Amino acid sequence: MSVVIAGSVALDNVKTPQDSQENLLGGSASYAALAASIFCQPIHLVGVIGHDFPKPHLDLLASRGITLDGLERNSGESFTWTGEYHDDMNSRTTHKVGLNVLEQWQPQVPEAAKTAKIAVAANMSPDNQMQMLDQVQADFVAADTMDLWINIANERLHDVLKRIDLLVINDSEAKEFAGTTNLVDAGRKLQAKGPRFVIVKRGEHGSFLFGEKPEDFFACSAYPLHSVFDPTGAGDSFLGGLVGWLAANGKTKPTFEDLKTAAVHGSVAASYTCEAFSTHKLQTVTLADIDARIAELRSYTNF
Ligand code: AMP
């Protein structure tokens, strides 16, 4: 079972209260693909990089069973994101976004990836998401987005919502997009715009999953971490882990119950991302690591 994931492949410059590092492997597709690859391989990555993209980053992705046939190499500069976390690590400031090669890019899904049963349009412009979705024949399609696209490409984002089975979005963006201050209301309003399932991510507080029936609601816990080092990419890792679990378990037409289990696995995958800069911890995670944290989380949340 394979998964195709399109999105940004970035060079991130990240500052936290403890440290700062530059030219880190980042991007929505990189995180999602690495998290998915814990559960299922191959993962087909669709993205674009520039001439300045370090080879070790590519070698790392390939070493985790991520196929790079859909990764376009462009002579321009790579997409870059520069951000800073503040004391409580829950708030961050984006200092600079260098769209660079992303500006003119149109995703090209390789032949081998077109028949993947699960497709993810990770965070990128809604135009790019639509271009990607036009090329795949997946049974299950998931997408993420962010405030930038809600503000500058709202109409196009509504088109994306009509094409997907699952929207994953963070809490403040869900409220903004749905035009409400209540999170449950936001989840249901977004669902009414198209997707059968909506997940609202709530950072260290976990996430809310909304299914088709009014009683289909699940509060997914985050794994309680003692210290968060760099949460960049946690949302993308959540989505990647979720679809990786679905693929590994043959759930290409998932029920609400399947999505509950998938969300818990995504949540645990994301916890590893927060423990080191960039993908440094995520890229070492095994299924046994995931299972151990799932067991812990089960004991913390059952009563
Ligand atoms: P998250 O922390 O889950 O919001 O994801 C952060 C990742 O998203 C970083 O690695 C960035 O490179 C990437 N990113 C930031 N802004 C954008 C954007 N406008 N389009 C696509 N990816 C982005």
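# Briefing: aromatic pairs, ligand surroundings and helix α9

Phe208 counts as buried, at 14% relative accessibility. The model is a predicted one. Phe208 belongs to a cluster with Phe210 and Phe217, linked by ring pairs. The points below cover the aromatic rings, the residues around the ligand, helix α9, and two buried residues, Asn123 and Pro126.

**Aromatic pairs**

- Three aromatic pairs turn up when the whole structure is searched.
- Phe208 and Phe217 form a tilted pair, because their planes meet at 55°, with 5.0 Å between the ring centres; the tilted class lies between the limits of 30 and 60 degrees.
- Phe217 has a relative accessible area of 35% and is therefore partly exposed, whereas Phe208 is buried at 14%.
- Phe229 and Phe277 make an edge-to-face pair, with 5.1 Å from centre to centre and 85° between the planes.
- This pair joins distant parts of the chain, since its members are 48 residues apart. Phe229 lies in the loop between β13 (217–220) and α9, and Phe277 lies in the loop between α10 (256–273) and α11 (287–301).
- Phe229 is partly exposed at 24% relative accessibility, while Phe277 is buried at 3%.

**Charges over rings**

- The ring of Phe177 has the charged end of Lys193 over it, at 5.7 Å from the ring centre.
- Arg293 places its charged end over the ring of Tyr272, 4.0 Å from the centre of that ring.

**Ligand surroundings**

- The ligand is surrounded by 19 residues, and the closest are Ser8, Asp12, Gly27, Gly233 and Asp236.
- In the side chain of Asp12, an N or O atom is 2.5 Å from an oxygen atom of the ligand.
- A polar backbone atom of Gly27 is 2.7 Å from a ligand oxygen atom.
- For Gly233, a polar backbone atom is likewise 2.7 Å from an oxygen atom of the ligand.

**Helix α9**

- Helix α9 takes in residues 234–248, 15 residues, and its end C-alpha atoms are 21 Å apart. That agrees with the expected span, because 1.5 Å a residue gives 21 Å; the expected span counts one less than the number of residues.
- Of the 15 residues in α9, 13 are buried, which leaves the helix mostly covered.
- Gly250, just after α9, has a positive phi of about 65°.

**Asn123**

- Asn123 sits in the loop between β8 (118–121) and α4 (126–133).
- Its relative accessible area is 17%, so Asn123 is buried; the limit for buried is under 20%.
- A polar contact of 3.0 Å joins the side chains of Asn123 and Trp149.
- Leaving out residues up to four places away in sequence, Asn123 touches Gly7, Ser8, Ser28, Asp144, Thr145, Met146 and Trp149. Ser8 is also one of the closest residues to the ligand.

**Pro126**

- Pro126 is part of helix α4.
- With a relative accessible area of 1%, Pro126 is buried.
- Not counting neighbours within four places in sequence, Pro126 is in contact with Trp149, Ala153, Arg156, Leu157 and Val160. Trp149 is also among the residues touched by Asn123.
- The C-alpha atoms of Pro126 and Leu157 are 5.4 Å apart in space, although the two are 31 residues apart in sequence.

Terms used:
Residues numbered from 1 in each chain as written. Predicted model: local features only at pLDDT ≥ 70, side-chain atom pairs only at ≥ 80, totals over all residues. Heavy atoms only, no water. Helix = DSSP H or I, 4+ residues; strand = E, 2+ residues; numbered from the N terminus. Buried < 20%, exposed > 50% of the residue type's maximum accessible area, 1.4 Å probe, protein only. Polar contact = N/O pair within 3.5 Å; in protein donor to acceptor, adjacent residues only side chain to side chain. Contact = heavy atoms within 4.5 Å. Phe/Tyr/Trp six-rings, centres within 6.5 Å; stacked < 30°, edge-to-face > 60°. Lys NZ or Arg CZ within 6 Å of the ring centre and 35° of its normal. Near = heavy atom within 4 Å.
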